Amino acid sequence: MKIDKKLLNITFLGTGTSQGVPMIASNHPVCLSTDSKDKRLRSSILISWGTKTYVIDCGPDFRQQMLREQVALINGVLFTHEHADHTAGLDDLRPFCYKIGEMPIYLNQKTFDSLEQRFQYIFSKENRYPGAPSVLPNIVDKTPFIIDDVTVTPIQVLHGKLPILAYRIQNIAYLTDVKSISDAEKKHLKNLDVLIVSALRIEEHPTHFNLQEALDFVEEIQPKRAYFTHISHRLGFHKEVSKKLPKNVFLAFDGLKIEA
Ligand SMILES: [Zn+2]
Ligand SMILES: [Zn+2]
């Protein structure tokens, strides 16, 4: 089936690493910065087309992000992996579930198993607490799927040794918490207008791209534009790091809106 290309609107809900920036109880200069672009909630994006709105990941800052961006409704959640900084906001889907009923969620089997254990009251079929959010899980493997007339291609990347999901939606791709990606999966990243990829910090890390690895990856994939996310205070000040990047590469910041 041929699907017409839609205009995608993306909002960076959060661009911080797992503890956010500033980090609790840190005196690091970046944590003390008064520049609003150095304040990073946990990583997530909002993607809209037509009247439909989805989020990729739903971390502990989800409620604050929905209020800040005045989001009236979301139609579903795509999860990359089970870590708390990407999933801990699941209970805050409630206001949307009350509007639409079961909220479609898209996730791999391992993420489903983890959420089912951690949020037993949400997934339980018996004796459900009436106020619990209702979700409609869709298990994602490598097969592309269609949501609201847009094709989503799951891409498997490695977060250290953990296989997790990235997503390509039309000509944008969102890869967070990535340390490596096979050549076979890289084939899904040709001809991108926008590549969003994590770049944790300056020093190397066992499970995340550092800045240099993210820059090398952009060089290899050759998207028209790239935005870095999942940023730690140890990457440095937004303003200073931004100046050193190639002209088609940007540090994302919370609230940044782009089109593709
Ligand atoms: Zn993370
Ligand atoms: Zn993670």
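**Two zincs, two cores and a few odd turns**

Let's start with a cysteine: the sulfur of Cys58 sits 9.7 Å from the closest cysteine sulfur, the one in Cys97, and that is too far for a bond. Keep in mind as you look around that this is a predicted model. A disulfide is a covalent bond between the sulfur atoms of two cysteines. To be counted as one here, the two sulfur atoms have to be within 2.5 Å, and by that rule the count comes to zero disulfides. Cys58 is tucked away all the same: with a relative accessible area of 0%, Cys58 is buried. Cys31 counts as buried too, at 6% relative accessibility.

Now turn to the metals. What holds the zinc ion (ligand 1)? Its protein donors are Asp85 (OD), His86 (NE2), Asp177 (OD) and His230 (NE2), and they lie 2.1 to 2.3 Å from the ion. Why is the arrangement around the zinc ion (ligand 1) called irregular? The four donor atoms subtend angles of 91 to 162°, and that spread makes it irregular. Along the sequence, the donor residues of this zinc ion follow the spacing D-H-x90-D-x52-H. Two of them show how the site links distant parts of the chain: Asp85 belongs to helix H2, while Asp177 is in the loop between E10 and H6, 92 residues apart. Asp85 is buried, with a relative accessible area of 8%.

The zinc ion (ligand 2) has protein donors in His81 (NE2), His83 (ND1), His159 (NE2) and Asp177 (OD), at 2.2 to 2.4 Å. The arrangement is irregular here because the four donor atoms around the zinc ion (ligand 2) subtend angles of 88 to 175°. The spacing of its donor residues in sequence reads H-x1-H-x75-H-x17-D. Once again a pair links distant parts of the chain: His83 is in the loop between strand E4 (76–78) and helix H2 (84–87), and His159 is in strand E8 (residues 150–159), 76 residues apart. As for accessibility, His83 counts as partly exposed at 33%, whereas His159 is buried at 5%.

You may have spotted Asp177 in both donor lists. Asp177 bridges the zinc ion (ligand 1) and the zinc ion (ligand 2), which lie 3.4 Å apart. Its place is in the loop between E10 and helix H6 (183–186), and at 2% relative accessibility Asp177 counts as buried. Its backbone has a quirk as well: Asp177 has a positive phi of about 55° although it is not a glycine.

Most residues other than glycine have a negative phi, and most peptide bonds are trans. So where else should you look for departures from that? Ala25 has a positive phi of about 65°, again without being a glycine. Ala25 is found in the loop between E1 and E2 and, with a relative accessible area of 79%, is exposed. Pro22 lies in the loop between strand E1 (9–14) and strand E2 (44–49). A cis peptide bond joins Val21 and Pro22, with omega at about 0°.

Back in the loop between E4 and H2, you'll find Thr80. Is Thr80 buried or exposed? With a relative accessible area of 0%, Thr80 is buried. Its side chain makes a polar contact of 2.9 Å with the side chain of His81, which is one of the donors of the zinc ion (ligand 2). Another polar contact, of 2.8 Å, joins the side chains of Thr80 and Asp57. Leaving aside neighbours within four places in sequence, Thr80 is in contact with residues including Ile56, His86, Thr111, Tyr167 and Thr176.

Last stop, the nonpolar interior. In soluble globular proteins, nonpolar side chains tend to be buried together. The largest nonpolar core here has 29 residues, of which Val157, Leu175, Leu189, Leu195, Val197, Phe217 and Phe228 touch the most other members. Among the elements that each supply at least two residues of this core are E8, strand E9 (162–169), strand E11 (194–198) and helix H7 (211–221). H7 gives the largest share, six residues. For a closer look, pick Leu175: leaving aside its neighbours within four places in sequence, its contacts include Val157, Ile181, Leu195 and Phe217. There is also a second, separate core of 27 residues, with Ile47, Leu78, Val150 and Ile172 among them.

Terms used. Residues numbered from 1 in each chain as written. Chains lettered and ligands numbered in written order. Predicted model: local features only at pLDDT ≥ 70, side-chain atom pairs only at ≥ 80, totals over all residues. Heavy atoms only, no water. Donors = N, O, S within 2.8 Å, 3.2 Å for Na, K, Ca; no water. Tetrahedral: all angles 85-135°; square planar, octahedral: opposite > 155°, others 65-115°. Helix = DSSP H or I, 4+ residues; strand = E, 2+ residues; numbered from the N terminus. Buried < 20%, exposed > 50% of the residue type's maximum accessible area, 1.4 Å probe, protein only. Core = buried A, V, L, I, M, F, W, Y, C linked by side-chain atoms within 4.5 Å. Contact = heavy atoms within 4.5 Å. Polar contact = N/O pair within 3.5 Å; in protein donor to acceptor, adjacent residues only side chain to side chain.
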